[in-house]
Structure formats: structure tokens, C-alpha cells
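Biologist: Could you take a close look at one part of this model, the surroundings of the bound ligand, and describe it with care?

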Amino acid sequence: MRQQNDRFGSWFNRVMPKGLYARSLIIIVTPMVLLQSVLAFVFMERHYNAVTRRLSAAVSQDITAITDLASAFTTDDDLDRIRQIAQERMGLSIEFLPGERLPPPGPKPFFSILDSSFTGELGKRMRRPFWTDTVGNSNLIEVRVQLDNSVLRIFARRSQAYLSNSHIFLVWMVGTSLVLLAVAILFLRNQIKPIEALADAAEAFGKGRDVVGFRPRGAREVRGAARAFIEMRRRIERQIEQRTIMLAGVSHDMRTILTRFKLELAFLGDGAEVEMLRKDVDELQSMLEAYLAFARDDTGEPPVQVDIARMLDDIRLNAERQGAAATATFRGNPVVTIRADAYRRCITNLVANALRHGKRVEITGARDARWLLVTVDDDGPGIPLDRRDDVFRPFLRLDAARNQDAGGSGLGLTIARDAARAHGGDISLGDSPLGGLRASVRIPV
Ligand SMILES: Nc1ncnc2c1ncn2[C@@H]1O[C@H](COP(=O)(O)OP(=O)(O)OP(=O)(O)O)[C@@H](O)[C@H]1O
Ligand SMILES: [Mg+2]
């Protein structure tokens, strides 16, 4: 039972439209259509049938009256008079066809309320054999009655026996529903616009783009959500700012002390221990410089439109200048809106790592409707699976043991990931088909 319920639920979710707009429309339209269908059905079934039966009864009463008269008064003058009365008082045009017989009965039309109710009503009253034709294309119905030695032919207007303009009712019904629908669409559109604006603003913020001209609008709940979003954004921005200021302050203060330290070391003269101390201080200083640069750079760079294919090619050229075999390819529309400098630093850091550890670099870019994906492959030693999370930590260097003088500060991947995340994306590390490391940067566009 539950399984069936679940299956129905998932089917229902698949079939239902995904957008709020379409869903709200369905919520409004479905009851309307249901209500109108029920109304129309009941109306047709009851009212319409009843009226048609009444009209049919009235006409068949007239016809039987004329038949009775024509059987009672048979002189030519009488018949003329009867014809006149039928024409003027009953709206029936009649004719006497002496010496004729009834034609054989025609085929019965299906689903004709007129035929069944009219023939039924006439059969209840008429005691003579008769023949009817309600189907013809004209707006007349024809009845023939067998008299003693002639046939009485009667034409009645179709509308006399039949409620013919009931479609007007349907036209009114459909027309008003269309008007209702238009009004509903207009209102809904206005209700849903603020929600869409909020979604757009949140998405842009996630991608690290500016949100221009966004303000709370619409229904109370939507406005509440928008205000909460703005508040959250402000808090996050403040926090980032705080972090940047603090980092810069700390690095700066320590640099001052370090400079003093170096000066004091210079006075200590030469010696193996002093030399080692000096080296350590140098390393500390370069780390601090890198950190300081990182903290400084973090201040909000505005997003701009950039040709990524060109940027990647530029990076490849620089790599080649450093003596590596580098390639760069790109697939898809290369123009994206990003913080160009931060993004370039992200890719450059990855390429610098690849150059430091390998001899070949392959840069591949691909862009589809949602993502921009750039991968950097090298043929170096790669990074073991269990260290791939660690290397993103600031100042962490795996090759500190491998070779001391390969002088990185261990901030490259940290900075790269920071840039990718500021764009709402991330970096992942994997195995390259070239044998070394594959770093993939994926950001939403
Ligand atoms: N392509 C690579 N192949 C092998 N090891 C790598 C590769 N890229 C990074 N690593 C390892 O990850 C560590 C961290 O890299 P990261 O770029 O953060 O620092 P770094 O290159 O040592 O210094 P920096 O980039 O600041 O000059 C490196 O020390 C290195 O051991
Ligand atoms: Mg590096």
C-alpha cells in the first residue's frame, strides 16, 4: 500500500510542473474547470432535456389537434380553413397529399435528443400511423400522417421543438473563465516576481556577483524572506571584511617584528647556527608576505565579462615561457562574468604547481549552460589520495621534505580554493591521464 503511495507520489511529482507559477495556476484553474464541468453537465442533463421535451410536447399536441380536425372536417373548404389556422396560429405549414402512402421509415439517428423526445411525444398522442424526419439539414422538421385517403404533410420549424441556442450558455461560461484566467495570471505574475527576484539575488550572491537594485517586495512572507536574505548577506560581508582586516593587521605587525629580528641577526655575525636562523627568518618572512598579499587581494573585486579561452591561452603562453610543454583548449561559449583577477590567480596557481612538479601541462576548459569547468593536468608525481584534502590547508607543503629549496609558501591551493569558492564553485583533485595530478575548478555561470 505504502509502496504504491510512494510510486504515485513520485509519478505525480514528475508529471506536475516544477515552477511555482505553473503550480499556482493549476491550483486556481483546476477547481474552476471542475466546477464548470459539473455545472455544464447538470445543466445540460436536466434543464436542457426538460425544455426540449416540453417544446416537443407542445408541437406534437398541435400536430395531433390538426390531424383530428382534418379527419373530422374533410371538405375542401374545411381543409383550406384548417391549413390557414395551422399556418397563422400554430406556425405549422401543412399540405394534403391525396392518394399517397407513407414512405418507409428512415434510419434512426443516434444521440439526437430532438428525435427521441419529439418522436416519443408524438407517439404518445397520435393514434394514426406517422412518419418523421428530424435529421435533414434544413431548419425544418417534417412529419407525415396517414389519413383515411390522403397523407397530411407538416413542416414545423426546428426551433419550435428544440432548445437550439443553448451553446450561448457554453460560450458565456468559457468566455468568463478565460477572463478569470487572465486576471489570475496577472495577479499571480505580480506575486511571483518578488520570489524570482529573491532567488536571483541569492544565486548571484552565491556566485560572488553584485546584486544591484534588490529590495524586499511583494507579500509579507516574501518580503520577510528578502529582508532576512539581505541581513544575512550583510553579516557575511562584514565577517569577510573583519577577517581580511585582522589578517592584514596580524601579518603587518609580525612583519615589523621580523624586520627587527633580521637586523639583530645581522649584528650577531656569521656562524652555522646564525645562518640557519637567518634561513628560518627568511622563510617566515616570505610566508608572511604571501599571506599579506592574500589578505590584501581578498578585497571585493567587481565581476566583469571575460573571455576565458583567451585567458587560458595567455596562461599557457606564460607556462611555455618557463620551458614547459603546455596546451590549452576550450569548448563552449567562452564569455563569462567573473572576478577576473581572482579567477586568473586561481588557475595560475594550479598551473604553477603543475610546472613545479611536472614537465607537461594540459589546460582544458569547458562551459555548458550551468557550469564553467577548467581542469589542469600534469605528468608529475601527483598527490596521494589521503593527502588531497590536506594540501588545501594554508602553509601546508608536502614536498617540504622532498626538496627544500622548491620554495613555495604552501598558500597556492588555499588561495585557489578561496577564489573558486568566492565564485560559488570549488576545486577538486584527482588522477590525471597524464600520470600526475588533475585539478578541476568548477564554478557556476
Ligand atoms: N601538481 C602537483 N603535483 C604534485 N604535488 C602537488 C601538486 N600541486 C600541489 N602539490 C602539493 O601540494 C602542496 C600544496 O600546494 P600549494 O600550491 O598550496 O603550495 P606550494 O605550491 O607549495 O606553494 P605556493 O603555491 O604558495 O608557491 C605542495 O607543496 C605540493 O606538495
Ligand atoms: Mg603552489
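Modeller: A polar backbone atom of leucine 411 lies 3.1 Å from an oxygen atom of ligand 1, and a backbone N or O atom of leucine 398 is placed 3.2 Å from an oxygen atom of the ligand; these values come from a predicted model. A side chain takes part as well, since a polar side-chain atom of aspartate 378 is found 2.7 Å from a nitrogen atom of ligand 1. Taken alone, ligand 1 would expose 590 Å², and 93% of that is buried by the protein.

The shell around the ligand holds 19 residues, of which Asn353, Arg356, Asp378, Gly410 and Leu413 come nearest. By character, the shell divides into eight nonpolar, seven polar and four charged residues. Helix H9 (340-357) and helix H10 (412-422) each supply at least two residues of this shell, and H9 gives the most, with four.

Aspartate 378 also leads into the strands, for strand S9 spans residues 371-378 and is joined to S11 by seven bridges, the two running antiparallel. Within that pairing, tryptophan 371 stands opposite proline 444 of S11. Strand S11 (residues 437-444) is itself mostly covered, with six of its eight residues buried. S11 also pairs with strand S10 (residues 426-431), in the antiparallel sense and over six bridges, and there arginine 442 of S11 is the bridge partner of aspartate 426. S10 and S11 form a hairpin with five residues between them, and in its turn glycine 435 has a positive phi of about 110°.

Notes:
Residues are numbered from 1 along each chain as its sequence is written. Chains are lettered from A and ligands numbered from 1 in the order in which they are written. This is a predicted model: local features need pLDDT of at least 70, side-chain atom pairs count only at pLDDT 80 or more; totals for chains, interfaces and linings use all residues. Side-chain values use heavy atoms; hydrogens and water are left out. Buried means under 20% relative accessible area, exposed over 50%, partly exposed in between (1.4 Å probe, protein chains only). Two strands pair if DSSP finds at least two bridges between them. A residue is near a molecule or strand if one of its heavy atoms lies within 4 Å of it. A polar contact is a pair of N or O atoms within 3.5 Å; within protein, one must be able to donate a hydrogen and the other to accept it, and residues adjacent in sequence count only if both atoms are side-chain atoms. Accessible areas come from the Shrake-Rupley method with a 1.4 Å probe; for residues, only the protein chains shown count as cover. Ala, Val, Leu, Ile, Met, Phe, Trp, Tyr, Cys and Pro count as nonpolar, Asp, Glu, Lys and Arg as charged, and the others, Gly among them, as polar.
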